[in-house]
Amino acid sequence: MPLSPSELIINPDGSIYHLNLHPEDVADIIITVGDPERVHRIAQHMSRKYVEKRKREFYTVTGLIQGEMVTVIGTGIGTDNVDIVISEVDALVNIDFEKRQIRDKLRKLIFCRIGTSGALREEIPLDSMVASRAAIGMEGLMHYYHYKANEGEEGLIDLVNQAMGNDFSGIHPYAVMSPWPHWNILPGHFIQGITLTAGGFYGPQSRRLRLQPKYPSLLDKMETISWEGLNVTNLEMETSAIYGMCSLLGHDALSFNAIIANRIQKTFSKNSKKTVDDLIENVLDFLIKIK
């Protein structure tokens, strides 16, 4: 049965509703960044650009990097935007827009986040690079989909619930492992760990300005968790949604973060721009090689 106009929203020019992209505009490698300005910094590595489009906070460039076609999308901040971006990119490659039907043969993509993050362990230095083997979602997106945790994810969420005890009744976390099977080839200069994904920047991350967070000890609880030799290393706002959505849709996904703050030491990088640029170069070199 064809997808209705209210479910698959196509603009008059044939592009997908929010991203303003056509099916031919996206590559097999999709790099997502929260900050649209970071799209420019990644696009500087392109020898040629084929697509450059903006709509709302979403900004997309597709071009050649080291001989490979790559799409970079500025998503804006948060898992709500990730839900839009991954759903619409998947629709572009796996739904026939003319027939409004899911294609018989599905196309598999690689989604790679290049973001910034705060460390949750004292020993993780500023300006280092973290790769997320798994994510703990504190924002709830996967509760709106039929996501079934595997045995490993169930074990991780049990540890999270034990750490939180009865003091965090308003939070319903979920756990999702990275849907990428080749972690054994990741270069050693990336710190591997578990990423905590929050639903906001201030209260959900236990920050205090004029408003006091309801759960001020949340980060301390998360710091105690260790699972299959991995610690909860960092905190940001997108990874759990990327991993969850890609797992459900059958795409590979990796998330890399530049550590520009240490929440335990209460410090912030003095040269975060260079740290992000170094992460971009390292991830691009790695990503193109594995493709």
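Before I begin, one definition that we need: two strands are said to pair if DSSP finds at least two bridges between them. Please also keep in mind that what we are looking at is a predicted model.

With that in hand, let us turn to strand β13, which covers residues 252-262 and is mostly covered, since eleven of its eleven residues are buried. Which way do strand β7 and β13 run, and how many bridges join them? Strand β7, which is made of residues 110-119, runs parallel to β13, and the two are joined by ten bridges; to give you one example that you can find in the structure, T116 has A258 of β13 as its bridge partner.

Strand β13 also pairs with strand β8, residues 129-137, but here the sense is antiparallel and the pairing extends over three bridges, with V130 having N257 of β13 as its bridge partner.

If we now follow the chain onward, we come to strand β14, residues 267-268, which pairs with β13 in the antiparallel sense over two bridges, and in one of these places N262 is matched with T267 of β14. Together β13 and β14 form a hairpin with four residues between them, and in that turn K266 has a positive phi of about 60°.

Finally, let me come to helix α6, residues 272-290. At 1.5 Å a residue, its 19 residues should span 27 Å, and because its end C-alpha atoms are indeed 27 Å apart, the expectation and the model agree. Among the buried residues of α6 are T275, V276, L279 and I280, and further along the helix V283, L284, F286, L287 and I288.

Terms used. Residues numbered from 1 in each chain as written. Predicted model: local features only at pLDDT ≥ 70, side-chain atom pairs only at ≥ 80, totals over all residues. Heavy atoms only, no water. Expected span 1.5 Å × (residues − 1). Buried < 20%, exposed > 50% of the residue type's maximum accessible area, 1.4 Å probe, protein only.
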